[in-house]
Amino acid sequence: MMPTLSLRVSQNLTLTPQLQQSIRLLQLSTQELQQEVEQMLDENPFLERESDDDSTPDVPEELVAAADAVENTTESIAANAEGIAADADFDFNVGGDGSLDFAAGKETGSDAEAASGDSASDWEEWGGDLPARSASTEDEDDTPASDRSAIHTTLQDVLHRQALSLRLAPEDCAALYFLIESLNDDGYLEDTLAELAQSFGDAADPDAYDALLHHLTMALRLLQSMEPVGVGARNLSECLALQIKAQQRFVAEEEGANAPELEVYATAMLVCQESLDLLARRDVRKLMQLTGRSEAAVREALGLIAKLEPRPGRPFADVDRNAITPDIIVRASSDPKAAVAGFSVQLNPEVMPRLRVQDIYANALRGHKGSEGHGALQQRLQEARWFIKNIQQRFDTILRVSQAIVERQRNFFVHGELAMRPMVLREIADELGLHESTISRVTTAKYMSTPQGTVELKYFFGSGLGTETGGSASSTAVKALIKQLLEGESPKKPLSDAKIADLLQEQGIECARRTVAKYREAMRIPPASLRKAL
């Protein structure tokens, strides 16, 4: 084959680093964005957080001297551009609270910000208009006592306080402490005592291993006698059994050993010892055969078990850890200038970082053009400017998409989810001139606070089901209607999926039984057999 030369014309798209960063920031959640901002603040000295108390007072002489020292040591900083003053003769750090730590002396963040506010920087426009975020970047030591008053109490804290009242040998006390710390969030002990004993590495010494296993066994008995009842169980069956035994002892002490109520607890104990699948399905007939009790006794035992707590650690769960902070706030408004008639759509200032370029370092770099390492430092300065601009663009895009959603789903904000209309990503993309993938990134892990509650932006998108009039009904509205029908059903005769499909057909919505079952399972609603009252 003879080699030949040919000319080919083609088109390709190359994503610049700035565009790649913009796309990546757009798909981050609020928590992930905060982590990204903190990381950038640590890595890039040209980026700093702008505080609410920025002012322009007279620049202190000490800060002027420190700024001059920064300018005089620019060449030393440039010697190691990647570390950005990591090994320079003059070290400086930008703290998370905006404080500047100079080798010649420390100046507070307010002084540094005063100097930056007095200097006429060409980059003042970058990020200057970003709304302020909450003062969550303060160190824990600086947190007011009033903010630390409501400290979350964990399950381990409660158990450790109870353990203090026990007079135990040092070995038993250490074993009990170890078991308490080994509990999961639900209050269960997931590992066996043998596995926990082996984790100490004493399995090679039989005597030491047996002694350790004995201490753990005694500690487990003490743990399972503590409050809340059921804590320290290895499985659900043991957790329920511990609670039944505790109630059984209480009734025996209050009413005597011959109290008729004790028979119910005995039956409930037998039911818990059988297959939990039968208990979940409420298979009364099969449980009657296995326990040898009457139907009335089994049903009464099931009613008792239904009142027990399957997760003893649930009351101590950290709710704030799972709290959702909305990115968009929608409220009813009578302002005629509102973007959407009747509603105001605003970004939540609590989730928006307020950043700016560090003027002192930027001015020092600008005064030493052409010096060694200037190009690398100039690139870091450009990265800081890009980062601020991309964050601003991220929130602008979220706001535009949210306004378009509110405009199209206005009935939802007035009447609730029953008034939701079908909508797909393409509709918003065509309206705003964006790609569907961009809309998908914007609506993922972003939340909106509405008069109907806080929901994810993706919640407003859904397929449509046909109606008798030739139109379509949103799948979200159909789910809400199914939930409304189930809330009004008779507990003794719950609605089957087929019956729900017939009721929807009567209202003009064409929904098959399988679709009803899919929607019901998506809402985590059990089937009719499990919803039936005992």
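Biologist: Which residues is Ile-428 in contact with, leaving aside its neighbours within four places in sequence?

Modeller: This is a predicted model, in which local features need pLDDT of at least 70, side-chain atom pairs count only at pLDDT 80 or more, and totals for chains, interfaces and linings use all residues. Residues are numbered from 1 along each chain as its sequence is written, and side-chain values use heavy atoms, without hydrogens and water. With contact taken as heavy atoms within 4.5 Å, the partners of Ile-428 are Val-401, Ala-404, Ile-405, Arg-408, Met-423, Ile-439 and Phe-461.

Biologist: Which residues touch the most other members of the largest nonpolar core?

Modeller: A nonpolar core is a set of buried (under 20% relative accessible area, 1.4 Å probe, protein chains only) Ala, Val, Leu, Ile, Met, Phe, Trp, Tyr and Cys residues joined through side-chain atoms within 4.5 Å. The largest one has 51 residues, and the members touching the most others are Ile-428 and Phe-460.

Biologist: Which helix gives the largest share of this core?

Modeller: Helices are DSSP runs (H or I, at least four residues), numbered from the N terminus. The largest share is 12 residues, and it comes from residues 374-408, helix H16.

Biologist: Why is there no bond between the sulfur of Cys-239 and the closest cysteine sulfur?

Modeller: A disulfide requires a pair of cysteine sulfur atoms within 2.5 Å, and the structure holds 0 disulfides. Cys-239 is buried, at a relative accessible area of 0%. Its closest cysteine sulfur, in Cys-272, is too far for a bond, at 9.5 Å.

Technical notes
Buried means under 20% relative accessible area, exposed over 50%, partly exposed in between (1.4 Å probe, protein chains only). Helices (H or I, at least four residues) and strands (E, at least two) are DSSP runs, numbered from the N terminus.
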